[in-house]
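Biologist: I'm new to this one and would like a close look at a single part of it. Could you take me through the sheet slowly, and then show me how it sits in the rest of the chain?

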Amino acid sequence: MSGDELRTTPFHAQHVALGAKMVPFAGYAMPVQYAGITKEHEAVRTAVGVFDVSHMGEFEFTGPDRHTWVNRLTCNDVEALDEGQAQYTALLNDRGTFIDDCIVYRFADRIMMVVNAANLAKDWEHVTASKGSIDADVADTSNAVALLAVQGPETQALLQPLTDLDLDGIGYYRFTQGRVAGTDCVVARTGYTGEDGFELYFGTADSAAMWDAIVNAGAVPCGLGARDTLRLEMGYALYGNDIDDTVNPYEARLGWIVKLQKHGGFMGQAALEAIKAEGPTRRLVGFRCVERAIPRQGYEVFLEGRQVDVVRSGGFSPSLQVGIGTTFLPAGTTAPGTEIELGVRGKRVRAEVVKTPFYVGGSVRKA
């Protein structure tokens, strides 16, 4: 896709003005870095960073049967949510593998589903094709929504002077609505970095004012590069790397989002019941390099001299100063300490399975 065909987010002018390195991502021109990936990574781990994630997609479900519809579409249980609560979940196909992972937000009058930008078109087709006779409607509001992720241990202190909302009262994976920097927002204590923080959803017309307020308050602009190193250190799944339509939640160690006993059933349930009964044949694991190397997606992974998979996600951990990554290993060979080898530029490099998250010093609030 050429630069002329790439879409832009509402913050494109701000990225360009700051000299960000722009790259194609999911059909958008997105900043990969500003001052440098390591500096931006460290800013989020120690203070506050702000990410433009407006490329993400938002679907809004309304009508009497909205909960029933979303529950049939996703493997977690929307009915278990309180108003003002969010939930990590997934859209699955009839094989029980991932169409996409997503977050749903339960409002008093609607449900918002946030999906990955690269999957928006196929997700929309899947959602709308599933409606049948359900008394509910869905709208793709992606183009009307700007989204900033403000992340880091000092985020609450930075944002509180910009709002009358009681940010301390917003629990983990909870949200509220109010004004931030004079703008009507949905303020959610969610994120993808392992640090405390908030994601702010608001109308695109207010993008410049919101960006300026947050950056002027001290948040460091961060790009996709730091977003990836931060989420990798936490072992968070990335669609297209760790999960895709060949992977089911049990082998991805995401069985906790599968609610087989919820009322009404869901797409992919029968397949997952069979997989759970038999046990998955492989498991996603984290590994660290024993020898100096930077693992990259696609590098071969060997167990006892035989290739068993490739590196799914990988890179150099700025916080731990070592190469880390994820891969699938056969069931029964996934214990921490298990020795594997990576094919790195024609050489075999030693690595070992470790527990995830790789980084455990984050400020993310779990209550």
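How many bridges join β9 to β12, and do these strands run parallel or antiparallel?

Modeller: There are 7 bridges between β9 and β12, and the two strands run antiparallel. Before we go on, a word on the ground rules. This is a predicted model, where local features need pLDDT of at least 70 and side-chain atom pairs count only at pLDDT 80 or more, while totals for chains, interfaces and linings use all residues. Residues are numbered from 1 along each chain as its sequence is written, and side-chain values use heavy atoms, with hydrogens and water left out.

Two terms come up all the time. Helices (H or I, at least four residues) and strands (E, at least two) are DSSP runs, numbered from the N terminus. Strands are said to pair if DSSP finds at least two bridges between them.

Now the sheet. It is open and has 6 strands, and if you walk across it you meet β10-β11-β12-β9-β3-β13, with mixed pairing. The edges belong to β10 (175-180) and β13 (220-222); each has a single partner strand, so one side of each is left without a neighbour in the sheet. Neighbouring strands are turned by 30° against each other on average, direction ignored. For that angle, axes are lines fitted to C-alpha atoms (for helices, over the stretch in contact), and angles run from 0 to 180 degrees between N-to-C directions.

Let's stay with β12 for a moment. On the β9 side, Val-145 stands opposite Gly-203 of β12. On the other side is β11 (residues 183-188), which is joined to β12 (residues 197-203) by 3 bridges and runs antiparallel to it. If you want a pair to click on there, try Val-187, whose bridge partner in β12 is Leu-200. β12 is also mostly covered, with 6 of its 7 residues buried. Buried here means under 20% relative accessible area, exposed is over 50%, and partly exposed is in between (1.4 Å probe, protein chains only).

A helix comes into the picture too. In α2 (residues 37-46), the buried residues are Glu-40, His-41, Ala-43, Val-44 and Arg-45. An α-helix has 3.6 residues a turn, so residues three or four places apart point the same way. The buried residues of α2 pack against several elements, among them the sheet strands β3 (49-52), β9 (145-151) and β13. They also pack against β2 (28-33) and α7 (224-234).

What about cysteines? Cys-185 counts as buried at 4% relative accessibility. Its closest cysteine sulfur, in Cys-222, is 19 Å away, which is too far for a bond. In fact the structure holds 0 disulfides (a disulfide being a pair of cysteine sulfur atoms within 2.5 Å).

Just before strand β10 there is an oddity to look at. Tyr-173, in the loop between α5 (155-159) and β10, has a phi near 55°, a positive value in a residue other than glycine. Most residues other than glycine have a negative phi, and most peptide bonds are trans. Tyr-173 is buried, with a relative accessible area of 15%. Further along the chain, Arg-345 has a positive phi of about 55° as well, although it is not a glycine. Arg-345 lies in the loop between β19 (339-344) and β20, and it is exposed, with a relative accessible area of 78%. After β20 (347-354) comes the segment that holds Pro-357, and the peptide bond from Thr-356 to Pro-357 is cis, with omega near 5°.

Finally, step back to see the whole chain around the sheet. The chain has 8 helices and 20 strands, and its C-alpha trace spans about 60 × 50 × 45 Å along the principal axes. With 367 residues, a compact globule would have a radius of gyration near 21 Å, and the chain agrees with that at 21 Å. That radius is taken over C-alpha atoms, and the globule rule is 2.2 Å times the number of residues to the power 0.38. Buried residues make up 56% of the 367 in the chain. Among contacts between residues at least 6 apart in sequence, 66% join residues at least 24 apart, where contact means heavy atoms within 4.5 Å.
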